[in-house]
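Hello,

Please take a look at the structure below. My notes on it follow.

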Amino acid sequence: QAIDMHRTFQRDLCKLRLSTARAYVNLLGAGHGPMSSAGGAQVRLNAQVIGMGPQFKILVRVQNAGVHSLSDVPLMCTANTSLYRVPKPCYYLPLLVPQQVYLVEIPIICINEIGGTDTARIFVCSRNSNLPLISAVVNMPISETPLTD
């Protein structure tokens, strides 16, 4: 009976690994992973929050992992408008040379007085499609209360 239990466990473990691998491939194909190859372009996106608030910076690293350069690539940032204000939500990357990392600093300001928390979304778009090349969801930290005089 122990041998049958072990075989069943091994079979279920293999099925779990296979379904995990399939889900990861689907995730990458949909452009929700750390790298996307949607629209023939291979783009990597990494975002990091800097600051303690109420003024933050989101440091975005964009890399063209393909072999062809991309031009006039829009990068957009959205956030909950009741909690955050993004002074400049749209940026254009004039040229993405292959294997080069580009840095974009996006200022974001927490306008909630009690310092709520939510997510910000970063989209690297394509001029040829209405779907983004890749996107990232950035979990914003709880903001410190603003200093008043």
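**A buried serine**

Ser143 is buried: its relative accessible area is 6%, and the cut-off for buried is under 20%. Keep in mind that this is a predicted model. Ser143 sits in the segment after β9, the strand that spans 134–139. What is Ser143 in contact with, leaving aside its neighbours within four places in sequence? The list is Met52, Gly53, Pro54, Phe56, Cys110, Gly115 and Gly116.

**The chain as a whole**

The protein chain has one helix and nine strands. Follow the sequence and you read α-β-β-β-β-β-β-β-β-β. The helix comes at the start of that pattern. Of the 149 residues, 30% count as buried.

Now the contacts. Take those in the protein chain with a separation of 6 or more. Residues 24 or more positions apart account for 59% of them.

The surface comes next. About 9,700 Å² of the protein chain is exposed. Carbon and sulfur atoms supply 57% of that area.

**Salt bridges**

Side chains of opposite charge can pair when their charged atoms come close. How many salt bridges does a search of the whole structure find? It finds three.

Start with Asp4 and Arg7. Their side chains meet in a salt bridge, at 3.8 Å from N to O. Both residues lie in helix α1, residues 2–29. They are three residues apart, which is about one turn of the helix. Asp4 has 48% relative accessibility, so it counts as partly exposed. Arg7 has a relative accessible area of 55%; exposed means over 50%, so Arg7 is exposed.

Next, Arg11 and Asp12. Their closest N and O atoms are 3.7 Å apart, and they form a salt bridge. Arg11 is partly exposed, at a relative accessible area of 45%. Asp12 is partly exposed too, at 38%.

Then Glu105 and Lys57. This salt bridge has its closest N and O atoms 3.3 Å apart. Where in the chain do the two residues lie? Glu105 is in strand β7, residues 101–110, and Lys57 is in strand β3, residues 55–64. The pair links distant parts of the chain, 48 residues apart. Glu105 is partly exposed, with a relative accessible area of 45%. Lys57 is partly exposed as well, with 40%.

When you open the model, try Ser143 and its contacts as a starting point. Then go through the salt bridges one by one.

Best wishes

Terms used. Residues numbered from 1 in each chain as written. Predicted model: local features only at pLDDT ≥ 70, side-chain atom pairs only at ≥ 80, totals over all residues. Heavy atoms only, no water. Helix = DSSP H or I, 4+ residues; strand = E, 2+ residues; numbered from the N terminus. Buried < 20%, exposed > 50% of the residue type's maximum accessible area, 1.4 Å probe, protein only. Contact = heavy atoms within 4.5 Å. Salt bridge = Lys/Arg side-chain N within 4 Å of Asp/Glu carboxyl O. Areas by Shrake-Rupley, 256 points an atom, 1.4 Å probe, with all protein chains shown as cover.
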